[in-house]
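Visitor: I am new to protein structures and would like a close look at one part, with some help to see how it sits among the rest. Could you walk me through it?

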Amino acid sequence: MAVEERDAHTGYLTTGHEWNGITELNRPVPKIIWLFLLSTFLFALVWWVLMPAWPLGATYTRGLLGVDQRARLADDMASAAAARADWMAEIESKPVEAIRADPDLMRLARESGRTLFADNCGVCHGVTGAGGPGYPSLVDTAWLWGGDAQSVAETIRVGINTGHPESRLSQMLAFGRDGILERQALSDVVSYVRSLSNAPLAPAEQAGVAAGATIFADNCTACHGEDGRGSQDVGAPDLTDGFWIYGGDRRSILASVDRGRQGEMPSWETRLSPVQRKLLTLYVLDLGAPQ
Amino acid sequence: MVSTLTTTERQVALLLSALVALAGLALAAAGRHDPLGAHGFMILVYGLVCAGAVARGYYGPEPNAERLARYYDEPIKAGLVIAMAWAVVGMFVGVWVATLLAYPEATFDQAWASFGRLRPVHTTGVIFGFGGNALIATSFHVMQRTSRARMPDQLSPWFVLVGYNLFCLLAVSGYLIGITQSKEYAEPEWYADIWLVIVWVTYLVLYLRTLARRQEPHIYVANWYYLAFILVVAVLHIVNNLAVPASLGGAKSFPVFSGVQDAMTQWWYGHNAVAFFLTAGFLGMMYYYLPTRAGRPIFSYRLSIISFWGITFFYMWAGSHHLHYTALPHWVQTLGMTFSVMLLVPSWSSAGNALLTLNGAWHKVRDDATLRFMMVAAVFYGLSTFEGSFLAIRPVNALSHYTDWTVGHVHAGALGWVALITFGAIYSLVPLLWKRERMYSPGLVELHFWLALAGTVIYVFAMWNSGIIQGLMWRTYNDSGTLAYSFIDSLVAMHPYYVARAFGGLLFLIGAVVGSYNIWMTIRSSASAPRERFGDRPVAGPAGASAAEPAE
């Protein structure tokens, strides 16, 4: 019962069907559609001939161009490496101090060291290297494990408190939580520690300094030294220099003495190449003023 | 709703609700030491609420035989209201996560408020909550009208609608408490997936039964698309969610595929979800509401055939373009790319067919914001399908992949195409279903249109900019032959675009709120009861319906 009707606007007949008022024009597919359709088919055909395309059981059609994404990636990596090979080789072979004395090499080291640092170290130390609560600043003069080239390179390689067999290990005991020191003793030793860096002390703190000195001598000097200047052999921070990782206010120091500290830094030996780690060493040395 | 069910249907509804409640109880007991327990409890409550609703109306009078001379529109009305509720919730969470990207610390230190948990709430809320309910509701309308037949029974449409929303609720609540199988757009775990299979098969059977009752010799194009949507989504959902639960007392399951096979299955699913959920279904919507609103015949029936078979055939191959330059073999990538290119012309044929149908009705597009919603939707469909084929080309993808360009592309489609065509369809449908002359306020429809369009354009432009900048920053080398920018440099550069994106999304959300208010007021306003029009009733069916022939 199809009844074709002529659409007045276009002059075409309908297909003769009607659904709830909807009709369709029996208009042929415009030529341009066929043209575009065929050209996309042609494009696909050419691409199939040139590139790996169709599976053939255990193998596949390789394509006339012989392109393979793995081989191409390897080529790209190789040519990128070749582009920086000259100066990279110099970085690799020259001693750190010689590189630092060479302004051209240092410019390159800073340029690539910046992204290397921001991508790998910036999450903790901040993109500027200024650190944050719990993460040491690398732009000051204080170094936990030494600020010379060899020490910095070694810290980057093995990390701190990691699973690396040669990891740097350091632990501050939880003097309060583990019951080594009484409450009053904790308070006094905190007062003494604050006095070491000439922090302005409240009168109540002043009173505890003398007692705190004795407690410090009995409990803390093994790592932090008799003068409180710390030891880079065991990663014990200098308490006199006014730089603080976990904060230098009374509350923060009390928290450190009470519950202890065991900061971690990952080992980068398996993640970064030797020359990348050397670049980072150069960059970190360049960030802060070394001793 | 219960008053329209026959006594037998009320009994079956009670039984089904009780079964759901029992299944919930079993899951709650088995999963009491697992997040699954919370979901079991939710299912139990859901089943009890349904049972309560049926029980309250159980002894009401039965519907008389006169109903068979009418289309069954109650579940459509409910579906549209639910769809708009999901739209507001899903888009609100969308603005929220967009804001989180610009200000990532705003999570109140709560796990549930982290980006990773909120983002699927947004995607599921808008795609499955808003889009899915709108598709189910409009498909019920279109299949009845274009078949001139009432749905075969009153219970199965409610089972589909109510059951589907249980799935959506399980999905969204699960993400917040940490239940996910970590497959994009297929995050819900095994028990929710099994439930959706039951619901979806019922949906397919209902659709086929209605088509079988049709009083038209031919099946209209819109039904081809709706059927493709229902059938293929069933296949995709089942295959991609093949998984083995770690235990029956826990939510966790493991997919049967692993490694690159799993990735390929996931993106075969993911891309065809775009194709058959977000494209085919909404093309079905467009094929009905655009010509009826414009009052014009479809530009070319023959072109519809090219588009339909082109889209259904080529889309199936295109999924691997999501895995360019990965462990996926090169040849699979080539196939994905070339089929994506061949997909362009059938896609554009649909968009062109829609736009050219408006020839002779452009004055209506100018005056009627509802029709303009659908016109702009067709334009965005054309734009985003072109962009999709373009981005699928491997060297282009090398720049765009993993960047915000992808996000912009998706939203050009999701906001510009899917949401706009849906709003157009809903604004056409609401006055029809509730028997009003027109929407409560045509001015608010106009306002919604401009808010939605401005929001989409701001969103898409922001993401184009940020995506291309990101892509370039990640691949730029300095003179010394190493990367010029760190990743965080690119994040800092994105910030202004993320703020702009959140603003564009906010405009779109405000539009949806305005639309919901307008719809609500239309429903609330007193019925102006326009004269019954031709086509408002089904043709007398084989089921022995009495004098059902329309008056004219």
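Visitor: Which domains is chain B divided into?

Guide: Happy to help! This is a predicted model, where local features need pLDDT of at least 70 and side-chain atom pairs count only at pLDDT 80 or more, while totals for chains, interfaces and linings use all residues. Residues are numbered from 1 along each chain as its sequence is written, with chains lettered from A and ligands numbered from 1 in the order in which they are written.

Chain B has domain 1, residues 1-64, and domain 2, residues 72-524; such bounds come from an automatic or database domain assignment. Taken over C-alpha atoms, the centres of domain 1 and domain 2 of chain B are 30 Å apart. Where they touch, domain 1 of chain B supplies 19 residues and domain 2 of chain B supplies 20 (contact here is C-beta atoms, placed from the backbone, within 7 Å).

On the domain 1 side, the elements giving two or more residues are α1 (7-30) and α2 (35-57) of chain B. Such labels come from DSSP runs, numbered from the N terminus: helices (H or I) have at least four residues and strands (E) at least two. Of these, α2(B) gives the most to that side, with 7 residues. By class, the domain 1 side has 13 nonpolar, 4 polar and 2 charged residues; Ala, Val, Leu, Ile, Met, Phe, Trp, Tyr, Cys and Pro count as nonpolar, Asp, Glu, Lys and Arg as charged, and the others, Gly among them, as polar.

Chain B also meets chain A, in a contact of 40 residues from chain B and 45 residues from chain A. On the chain B side, two or more residues each come from α4 (115-147), α8 (259-294), α9 (301-315), α10 (330-357) and α16 (487-524). Here α10(B) gives the most, with 10 residues, and the chain B side divides into 20 nonpolar, 16 polar and 4 charged residues.

Cross over to chain A and you meet α16 of chain B again: together with α3 (85-93), α4 (96-100), α6 (122-125) and α12 (274-287) of chain A, the buried residues of α5(A) pack against it. Among those buried residues are A:Leu108, A:Gly113 and A:Phe117 (buried means 20 or more other C-beta atoms within 10 Å, exposed 12 or fewer, partly exposed in between, with C-beta atoms placed from the backbone). Helix α5 of chain A covers residues 103-120, and its 18 residues reach 25 Å from first C-alpha to last, close to the 26 Å expected at 1.5 Å a residue. A kink of about 30° in α5(A) is centred on A:Gly113; the bend is the angle between axes fitted to the seven residues ending there and the seven starting there.

Stepping back, chain A holds 12 helices and 2 strands. The C-alpha trace of chain A spans about 110 × 60 × 40 Å along its principal axes, and buried residues make up 29% of the 291 residues in chain A.

Let us finish on one residue of chain B. B:Leu204 lies in helix α6 (residues 190-212) of chain B. B:Leu204 is partly exposed because 15 other C-beta atoms lie within 10 Å. Leaving out residues up to four places away in sequence, B:Leu204 touches B:Ile230, B:Leu231 and B:Ala234.

Key
Contact = placed C-beta atoms within 7 Å. Expected span 1.5 Å × (residues − 1).
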